[in-house]
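User: I'd like to learn how to read the packing of a protein chain from its coordinates. Could you take me through it step by step?

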Amino acid sequence: MNKKEMTKKHLITCSVIFVLVIISTLNIYSVMASKKTDVPVIKPANTVPAIAIKAVNYVPKNIIAENDFSFANEALPINYASVKRKLAHSLIKHDFKNVHSNILQIKAGQLFPIIEPILRAYGIPDDFKYLAIVESGFGEGTSSRGAKGVWQFMPGTARTYGLKVGNGMDERTNLRKSTVAACKYIKELYVEFNSWTLAAAAYNNGEIQIERAISRQNEDNYFLMHLNGETAAYVYNIIATKQIISQPGKYGYKVFLKPSELFAYN
């Protein structure tokens, strides 16, 4: 066989092999396609968007928008996000879901009739009666720092404002006398700061600390000041207590009734 014939034979062989490869490839794809159609297509299940679970509470969603929150006729600047957040926190902290007791309403019914006329007589805003609840819950125990009575007077401060403490006597537990002493002290704080809100803050933290904070921050609006945790929440807690006692049904409590009727509740 000459060279020309060998080349021709080689080309024919290569052509046959190429055709067989193509046919084989087509058969493989055909089988794969048929198998693929036999397998059911599994579509992903509808995904449920994640839901942020929040604790259910009795504070209505739009309650902060009502802008009826105030202390001693000083309105809260709720247009500030930080003020709105702190107020909402205090309201939720004091709602019935978290407190589970009408005890403050009961004590308010018993003691407010004694406190209110004394506040009026000294020209102290009525809202300061709620300060007593925040201070002590109307308890008469002694704190770890030595404060005692409804208004939580320290011994030295109590004596400064006319209460007898010592020698077997402690007028800090006398509601009428201690309320008079509290009025004298609060009035002095108001004269110093020209703000009932700052007077309340100073009642909690002391006038020296509030004076320093005002000087350091060049700011005399309590709601915009940076104070220690307890004092920063103090007036918000007073306002929350005021709201809950004056509008109990709004926050999950039973409607405020007479003290004798309130005692019927568990």
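Analyst: Happily; below we go through the fold, a helix, the core, aromatic pairs and salt bridges. This is a predicted model, in which local features need pLDDT of at least 70, side-chain atom pairs count only at pLDDT 80 or more, and totals for chains, interfaces and linings use all residues. Residues are numbered from 1 along each chain as its sequence is written, and side-chain values use heavy atoms, with hydrogens and water left out.

User: How many helices and strands are in the chain?

Analyst: Helices (H or I, at least four residues) and strands (E, at least two) are DSSP runs numbered from the N terminus. Here the chain has eleven helices and four strands.

User: What share of the residues count as buried?

Analyst: Buried means under 20% relative accessible area, exposed means over 50%, and partly exposed is in between (1.4 Å probe, protein chains only). By that rule, 35% of the 266 residues are buried.

User: Which residues of H8 are buried, and what covers them?

Analyst: Nine of the ten residues in H8 are buried, among them Trp196, Leu198, Tyr203 and Asn204. Their cover includes strands E1 (70–71) and E2 (74–75), together with H5, H7 (175–193), H9 (207–217) and H10 (229–246). At the N-terminal end, Ser195 caps H8, with a side-chain oxygen 3.3 Å from the backbone nitrogen of Thr197. After the helix comes Gly206, with a positive phi near 95°.

User: Which residues have the most contacts inside the largest nonpolar core?

Analyst: In soluble globular proteins, nonpolar side chains tend to be buried together. A nonpolar core is a set of buried Ala, Val, Leu, Ile, Met, Phe, Trp, Tyr and Cys residues joined through side-chain atoms within 4.5 Å. The largest one has 59 residues, and Phe71, Leu76, Phe128, Trp151, Phe153, Tyr203 and Tyr222 have the most contacts inside it. H10 gives the most to this core, with nine residues.

User: What does Tyr236 of H10 touch?

Analyst: Contact means heavy atoms within 4.5 Å. Tyr236 lies in helix H10 and is buried at 1% relative accessible area. Leaving aside neighbours within four places in sequence, Tyr236 is in contact with residues including Leu76, Leu87, Tyr222 and Phe223. The C-alpha atoms of Tyr236 and Leu87 are 5.7 Å apart, although 149 residues separate the two along the chain.

User: How many aromatic pairs are there?

Analyst: Rings of Phe, Tyr and Trp (its six-membered ring) pair if their centres lie within 6.5 Å; planes under 30 degrees apart are stacked, over 60 edge-to-face and the rest tilted. The whole structure holds twelve such pairs. One of them, Phe128 with Trp196, is edge-to-face, at 5.7 Å centre to centre and 70° between the planes. Phe128 is in H5 and Trp196 in H8, so this pair ties together parts 68 residues apart in sequence. Trp151, Phe153, Tyr161, Tyr185 and Tyr203 form one aromatic cluster.

User: How many salt bridges does the count come to?

Analyst: Side chains of opposite charge can pair when their charged atoms come close. The rule for a salt bridge is a side-chain nitrogen of Lys or Arg within 4 Å of a carboxyl oxygen of Asp or Glu, and the count comes to six. In one of these, Glu116 meets Lys129, with the closest N and O atoms 2.5 Å apart. Because Glu116 lies in H4 and Lys129 in H5, this bridge ties together parts 13 residues apart in sequence. Glu116, Asp126 and Lys129 are linked in a network of salt bridges.

Key
Polar contact = N/O pair within 3.5 Å; in protein donor to acceptor, adjacent residues only side chain to side chain.
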